Amino acid sequence: MAVTATLIPGDGIGPSITAATLRVLEAAGAALAWDEQLAGMAALAAVHPPLPDEALASIRRHGLCLKGPLTTPVGVGFRSINVALRKEFDLYANVRPAVTMMPGGRYEDIDLVLIRENTEGLYVGVEHYIGMGGDPRAAAESVMLVTRFGAERIVRYAFEYAVRHRRRKVTLAHKANILKYTQGLFLEEGHKIAAEYAGRVEWEDRIIDATAMHLVLNPYQFDVLVMENMFGDILSDQMAGLVGGLGMAPGGNIGTDVAMYEPVHGSAPDLTGKGIANPTAMILAACMMLDHLKQFECADRIRAAVQATLSARETLTPDLHGRATTDEYADAVTRALR
Ligand code: NAI
């Protein structure tokens with residue numbers, strides 16, 4: 001029986017990498033059906049608000065969504081639809097694996113997972129200007145919100161993830177040396193939860209800036225990493241760099257009732273309309289969704305086909321120093337399905 005999920009192709013390169021992903025899913029026989037919805041600039045262009053009620057109702061109904069990237073205007077205009085979706089459905093855990101799919105890169109055999117708190121921190125969007133000396137915008141202030149509840153549930157999620165996936169170690173990265181209240185609370189909850197898993201999962205805490213450096217020096221010392229929202233946003237892009245770039249990095253946004261899968265990257269305005277974006281991140285995001293639905297065999301076959309295509313190095317998109325189009329790459333993955 002096919003499971004129906006909301007499909008949001010997204011903005012910029014979104015529609016083309018989505019079309020490529022759907023072709024691969026269909027060829028692999030994934031038991032999925034789609035309820036396609038508009039959001040972001042695509043919705044605005046169709047004279048809808050950027051996050052239409054129909055899209056929200058669809059996600060609520062199906063509890064499952066595959067989403068392309070959505071453009072957010074910088075500085076002005078509407079607030080991030082991605083952030084709004086995460087808030088609306090309380091998608092508190094952002095799971096971002098970084099796994100080597102193509103040999104011959106800067107590092108071999110990377111297999112890391114970053115678990116990012118997705119609803120709190122600086123991204124709650126509570127910010128304002130402060131007027132001084134006649135300048136109404138002389139300063140600006142943002143609130144970093146950390147709740148005991150939010151910290152506890154994300155660290156617990158990371159440990160549960162480690163147990164479920166037979167992972168060795170959890171690293172909690174923080175800045176409690178400087179941000180003693182917000183990051184201090186996050187770390188305090190980390191210690192409490194870690195104690196519950198003592199003897200089952202190894203654990204350590206590290207300062208975020210040192211973690212960033214050690215990820216580059218020796219990524220193999222890490223396994224599962226957990227951190228607050230903005231730190232996780234930045235370090236997950238860094239981790240994508242360990243495995244070939246943003247075109248390779250998928251993510252899941254997980255809540256109690258809804259799960260939403262997407263590439264880590266954005267709408268890539270510089271590539272829009274050129275037909276050369278790498279659809280791997282979106283294909284791997286769809287595989288995470290198949291895992292969630294326990295369609296493991298199908299997900300594994302697609303991942304093996306992606307790996308085979310990347311290893312063969314014959315049909316690669318330009319971000320991987322090839323000359324293939326998005327569609328040619330998707331066709332090669334489809335042909336590599338066993
Ligand atoms: P971006 O991720 O779109 O692009 C950064 C760089 O990576 C660009 O050089 C781009 O060409 C390259 N890139 C990204 N995806 C690629 C792919 N699949 N294949 C090959 N190269 C790829 O980040 P940027 O430019 O900062 O943001 C563009 C827009 O996307 C903004 O409006 C931003 O707010 C939005 N965004 C949306 C996200 C989401 O929907 N989850 C996440 C990140 C950004």
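**Close-up views of a predicted model**

Asp90 is partly exposed, with a relative accessible area of 31%. The views below are all taken from a predicted model.

**View 1. Asp90 in the loop between helix 4 and strand 4.** Helix 4 covers residues 81-88 and strand 4 covers residues 93-99, with Asp90 in the loop that lies between these two elements. Although Asp90 is not a glycine, its phi is positive, at about 50 degrees. The relative accessible area of 31% places Asp90 in the partly exposed class.

**View 2. Asp109 in the loop between strand 4 and strand 5.** Asp109 precedes strand 5, which spans residues 111-117. Its phi is near 55 degrees, a positive value in a residue other than glycine. Asp109 has a relative accessibility of 64% and therefore counts as exposed.

**View 3. Strand 5 and its pairing with strand 4 and strand 10.** Strand 5 pairs with strand 4 in the antiparallel sense, over seven bridges. Within this pairing, Val99 has Asp111 of strand 5 as its bridge partner. Strand 5 is also joined to strand 10 (residues 224-227) by four bridges, and these two strands run parallel. Here Ile115 stands opposite Val226 of strand 10. Six of the seven residues of strand 5 are buried, so the strand is largely enclosed by the rest of the structure.

**View 4. The hairpin of strand 6 and strand 7.** Strand 6 (residues 127-132) and strand 7 (residues 135-142) are paired in the antiparallel sense, with five bridges between them. Ile130 has Ala139 in strand 7 as its bridge partner. Two residues lie between the strands of this hairpin, and Gly133 takes a positive phi near 55 degrees.

**View 5. The ligand and the residues around it.** There are 21 residues around the ligand, and Leu70, Thr72, Gly266, Ala268 and Asn278 come nearest. By class, the shell divides into nine nonpolar, eight polar and four charged residues. Backbone contacts include a polar backbone atom of Gly266, 2.7 Å from an oxygen atom of the ligand, and a polar backbone atom of Ser267, 3.0 Å from an oxygen atom of the ligand. On the side-chain side, an N or O atom of Asp270 is 2.8 Å from a ligand oxygen atom. The ligand taken alone exposes 810 Å², and the protein buries 70% of that area.

**View 6. Gly266 in the loop between strand 12 and helix 9.** Strand 12 covers residues 259-263 and helix 9 covers residues 280-292, with Gly266 in the loop between them. Gly266 counts as partly exposed, at 37% relative accessibility. The C-alpha atom of Gly266 is 8.7 Å from that of Asp11, although 255 residues separate the two along the chain.

**View 7. Cys287 and Cys298, with no disulfide.** A search of the whole structure returns zero disulfides. The cysteine sulfur closest to that of Cys287 belongs to Cys298 and is 7.5 Å away, too far for a bond. Seen from the other side, Cys298 is in no disulfide, and the nearest cysteine sulfur is that of Cys287. A disulfide requires the sulfur atoms to be within 2.5 Å. Cys287 is buried, with a relative accessible area of 0%. Cys298 is buried too, with a relative accessible area of 7%.

Notes: Residues are numbered from 1 along each chain as its sequence is written. This is a predicted model: local features need pLDDT of at least 70, side-chain atom pairs count only at pLDDT 80 or more; totals for chains, interfaces and linings use all residues. Side-chain values use heavy atoms; hydrogens and water are left out. Buried means under 20% relative accessible area, exposed over 50%, partly exposed in between (1.4 Å probe, protein chains only). Two strands pair if DSSP finds at least two bridges between them. A residue is near a molecule or strand if one of its heavy atoms lies within 4 Å of it. A polar contact is a pair of N or O atoms within 3.5 Å; within protein, one must be able to donate a hydrogen and the other to accept it, and residues adjacent in sequence count only if both atoms are side-chain atoms. Accessible areas come from the Shrake-Rupley method with a 1.4 Å probe; for residues, only the protein chains shown count as cover. Ala, Val, Leu, Ile, Met, Phe, Trp, Tyr, Cys and Pro count as nonpolar, Asp, Glu, Lys and Arg as charged, and the others, Gly among them, as polar.
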